[in-house]
Amino acid sequence: MKILVIQLTRPGDIFCTGPVLNAIRDRNPEAEIHLAVRKKFQDAARNLKAIDRLWTLDSEKWMGPLLYDSSDFSAPIYELSKVINNLKDEKFDTVINLSFSPSSSFMTFLVAQPTTTVLGYSRTQDFYLHIPDSVSRYIKAQVGLGRPNKIH
């Protein structure tokens, strides 16, 4: 079994992911566990013992040109598609998106296979937000957009 956990937010959130990864490892001792984090936060994930592979995503490399330099989108789109394709090639059985963000939901959608179990925010075929599990639906209902986070 191959599991990808996506945590693209701040270092503190990555530290809080440690117990989640340990629980996944305890429930699936034979699983190959991958963790995807933003490159600038990779140091927060380096000592997480439950993971077998750490994927670092250079979001500044992709997003900077897309947001600030409209002259050439081809290079950042190409680089991002390489990473997405590399992740997709892993054929994960489960993808767990712990980042409640639009970018992570698109990444989850693009990486998952038709048979992949998805937990956390994802997207439908027409790119609308898809929330397949009850815990994520609860978080969306409580936090939503533009409201203070009642869970923390």
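**Close-up views of a predicted model**

**View 1. Where the predictor is more or less sure.** Among the elements of this predicted protein, strand β1 (residues 2–6) has the highest mean pLDDT, 97, and helix α3 (residues 59–68) the lowest, 68. Here pLDDT is the predictor's confidence in each residue, from 0 to 100, while helices (H or I, at least four residues) and strands (E, at least two) are DSSP runs, numbered from the N terminus. Where pLDDT is low, don't read the predicted coordinates in detail. Residues are numbered from 1 along each chain as its sequence is written. In this predicted model, local features need pLDDT of at least 70, side-chain atom pairs count only at pLDDT 80 or more, and totals for chains, interfaces and linings use all residues; side-chain values use heavy atoms, leaving out hydrogens and water.

**View 2. The sheet.** Five strands make an open sheet in the order β3-β2-β1-β4-β5, with parallel pairing (a pair needs at least two DSSP bridges). At the edges sit β3 (53–57) and β5 (117–119), each pairing on one side only.

**View 3. Strands β4 and β5.** Zoom in on β4 (residues 94–97) and you'll find 3 bridges to β5, in the parallel sense. Isoleucine 96 stands opposite leucine 119 in β5.

**View 4. Around isoleucine 14.** Which residues does isoleucine 14 touch, not counting those up to four places away in sequence? They are Gln7, Thr9, Val37, Phe41, Ala44, Ala45 and Leu48, with contact meaning heavy atoms within 4.5 Å.
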